[in-house]
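Trainee: Before we begin, could you show me the sequence and the model, so that we can read some features together?

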Amino acid sequence: MGNVACAEGAIAGGCEFAAGYPITPASEIGHTLAKRLPEVDGYFLQTEDEISAICAAIGASWTGKRVFVPTSGPGISLMLENIGFAVGIETPCVLVNVQRGGPTTGAPSMGLQGDMVQPRRGSHGEYEIVALCPSSPQEMFDHTAQAFNLAERYRTPVFVMADAFIGHMREEVTIPEADEIEITYRKIPEEGTDLSKIKVFLDEDVAPMPIFGRGFKSHVTSSCHDEHGNRNLIDPTALDNFIQRLRNKILKHRDEIVQVESDYDGCELVLVAYGAVARCAKEAVRVARSKGMPVGYLRVITAWPFPDREVRDLSERVKKILVLENNAGQYYPYVRASAAERAEVAFLPPEILGQVHRLEYVVEKIEEMIQ
Amino acid sequence: MSSVQHPLRKYLRPSVEATTFCPGCGDGTVLQCILRAIDELGMIMDDFVFVSGIGCAAWIISPNFNADVLHTTHGRPIAFATGIKLSLPEKKVMVVSGDGDLTAIGGNHLIHAARRNIEMVVICANNGIYGMTGGQVAPTTPREARTITTPHGSLENTFDISPMVQAAGATYVARWTTHQPRQLTKSIKKAIQKKGFAFVEVISQCPVQFGAKTGAGGAVEMLEMYRERSISVKKAGEMSPQEIEDKIVTGEFVDTVKPELCEEVARLKKKVRGKG
Amino acid sequence: MSKVYILREACKGVVDCGICIYVCPKDILGKSDALNRKGFFPPEVVDEDACTLCENCMIFCPDMAIVVQKRKEKRAAR
């Protein structure tokens with residue numbers, strides 16, 4: 001199933017340490033890792049709560065390990081403070097949110113794309129994040145493996161935003177040979193480097209990470225700090241520097257990070273969707289096209305950083321955009337803002353929240369909008 | 001005499017000129033005891049990774065210690081240290097933090113790390129109050145004490161931290177006060193050499209918040225109070241609960257041996273990989 | 001013979017701290033009348049000959065502002 005593919009993707013992506021707490025509908029990822037990680041000289045630690053899971057992972061990352069934390073929405077809610085910590089001290093780590101029905105305990109086994117803005121805005125303060133949206137068990141594998149490289153390359157937490165449908169869905173997954181899988185490692189300073197002479201934090205082009213145990217005598221603090229990890233809570237420019245450098249580290253490289261899949265040349269109406277709903281959107285477009293309607297799609301693969309350029313380009317070439325999400329409109333406002341007045345942007349939730357849109361329902365809506 | 005240096009100065013970051021502790025703060029004495037323990041063991045700072053949370057005691061190691069230092073979010077240093085130790089078992093991991101950080105918000109992590117018996121030294125500087133944020137009540141503040149969040153007097157009972165950690169499964173637990181730096185240093189040395197979860201609680205004076213708010217007085221008065229109220233674990237064992245109610249029981253509570261988590265993990269991996 | 005060095009600029013003062021004076025078993029320290037740059041009154045050695053090298057002051061000081069060293073007696077070469 002998707003969750004198992006996700007765990008295998010982590011292992012293929014070089015995961016060495018994972019930590020997690022049981023939570024429906026993500027638990028199978030942990031079960032698979034508990035069994036498989038020791039086989040590849042790694043370890044899965046079931047912690048006393050989600051908070052210690054992300055903390056243990058961050059600690060392990062600071063020793064140079066590739067780390068992984070699978071959970072669901074309520075777990076991410078608990079982890080947010082320390083996800084912010086990982087952002088602030090620039091720690092590579094991969095998180096998976098197998099989203100479930102919320103708010104609160106809600107419906108653990110039902111899919112809902114209910115936490116889409118949580119990675120972006122859930123932790124306090126001003127920051128950027130990277131998040132991928134798999135649409136199939138195959139992508140659970142591929143995106144998870146890829147997430148490790150993104151995390152290492154940009155020294156950031158990276159989210160894989162699945163949901164109960166994708167997590168528990170069973171489909172064929174092709175696992176490439178190990179030598180076909182690209183593994184990117186974080187940069188580390190040369191042994192014996194004097195850290196006071198180089199940037200080890202807050203470099204927009206990503207500073208080398210002065211991991212523990214190498215004699216770097218790194219000072220790593222959650223307080224606002226400078227390029228050398230020295231705390232600075234006093235100078236007015238210190239906080240501005242701290243925020244802007246961290247944001248720009250992601251935004252400056254958005255072209256290398258952002259991925260969309262699209263087919264909308266000559267179309268009047270374009271469906272925008274991600275994750276499980278994108279499967280329905282794509283199929284609806286195929287059906288509508290077979291009836292002669294000029295409709296296309298744009299599948300968002302990287303939800304964050306937001307594909308502003310891609311949405312703006314889209315809004316300049318089509319008349320209408322229909323955003324489909326299995327929620328009450330979380331990603332939609334961002335699409336609408338990027339499209340501004342260039343195209344009409346509408347939102348279509350499923351008839352029943354927590355269920356992927358019915359195909360016929362979407363096709364009817366397309367027909368309505370084309371007229 | 002600018003050429004004279006404190007013998008432990010070499011373990012501090014060159015850029016650090018002074019500590020940020022209030023005058024008379026016991027945490028400074030704890031700082032020295034930790035460094036003295038490391039020095040007397042013939043170890044170097046690179047043998048360690050230090051982790052601290054949030055609060056005055058967390059500033060013992062950050063930014064002062066010239067070593068790998070992780071200054072984490074409030075209450076979580078033990079959780080981070082767990083990940084570090086499991087991944088870098090050849091280094092000594094030492095957590096230095098305060099009573100609020102380790103037993104209030106961080107209580108759960110303390111209990112479970114002790115239960116797991118993961119090799120780690122945890123030094124809890126217990127000043128009975130939340131000092132850094134202005135003197136709020138802590139789980140260790142005496143009943144009836146007037147703090148800034150208990151202006152009419154605290155209604156709650158306090159934690160007896162060391163026995164609690166012992167009950168959770170730690171293999172070394174000791175408590176001293178900042179009036180006993182030599183014994184404290186000796187315990188820290190033992191804790192460092194322990195192949196298991198080692199916990200050292202230090203009752204440490206906070207004259208500026210605790211002393212001022214509860215009327216306990218300045219640094220010297222509080223140290224004198226520690227001296228008067230301290231009794232040994234052995235002596236306490238012969239006294240009734242009423243007799244020891246206002247005493248500070250100091251000494252070693254437990255010093256034993258149990259399977260340690262990192263060793264068990266290594267063994268498990270070997271076993272699993274041996275099969276494949 | 002001992003030598004007690006007060007690192008005056010590291011000290012946070014006898015008035016608010018004064019731990020060294022409290023822990024000295026031989027009362028060799030007293031309050032100096034000269035402020036340091038931070039505005040504190042460090043201690044000063046008032047009776048060095050009485051020092052027994054117990055190192056209490058050095059060990060207790062929260063600011064590592066006292067150093068006790070055995071004075072090296074150098075015999076003149078003959």
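Mentor: Please keep in mind that this is a predicted model. Let us start with A:Cys93, which counts as buried because its relative accessibility is 2%.

Trainee: How many disulfides does a search of the whole structure find?

Mentor: A disulfide is a covalent bond between the sulfur atoms of two cysteines. Here the search over all chains returns 0 disulfides. For A:Cys93, the nearest cysteine sulfur belongs to A:Cys55 and lies 11 Å away, and A:Cys93 is in no disulfide. C:Cys17 is likewise in no disulfide, with the nearest cysteine sulfur, that of C:Cys61, at 6.3 Å.

Trainee: Is C:Cys17 buried or exposed?

Mentor: C:Cys17 has a relative accessible area of 12%, so this residue is buried.

Trainee: What area is buried between chain B and chain A?

Mentor: The size of an interface is often given as the accessible area lost when the parts come together. For chain B and chain A the buried area is about 3,100 Å², with 60% of it given by carbon and sulfur atoms. The contact involves 38 residues from chain A and 35 residues from chain B.

Trainee: Which polar features join the two chains, and how many salt bridges are there between chain B and chain A?

Mentor: There are 3 salt bridges between chain B and chain A, and one salt bridge pairs B:Asp46 with A:Lys217, whose closest N and O atoms are 2.9 Å apart. Between these chains, 19 residue pairs are in polar contact, both residues being at pLDDT 80 or more. On the side of chain B that touches chain A, the residues comprise 15 nonpolar, 12 polar and 8 charged, and H2(B) supplies the largest share, 7 residues.

How values were computed:
Residues numbered from 1 in each chain as written. Chains lettered and ligands numbered in written order. Predicted model: local features only at pLDDT ≥ 70, side-chain atom pairs only at ≥ 80, totals over all residues. Heavy atoms only, no water. Disulfide = S-S within 2.5 Å. Buried < 20%, exposed > 50% of the residue type's maximum accessible area, 1.4 Å probe, protein only. Contact = heavy atoms within 4.5 Å. Buried area = accessible area lost by both parts, 1.4 Å probe. Salt bridge = Lys/Arg side-chain N within 4 Å of Asp/Glu carboxyl O. Polar contact = N/O pair within 3.5 Å; in protein donor to acceptor, adjacent residues only side chain to side chain. Helix = DSSP H or I, 4+ residues; strand = E, 2+ residues; numbered from the N terminus. Nonpolar A, V, L, I, M, F, W, Y, C, P; charged D, E, K, R; others polar.
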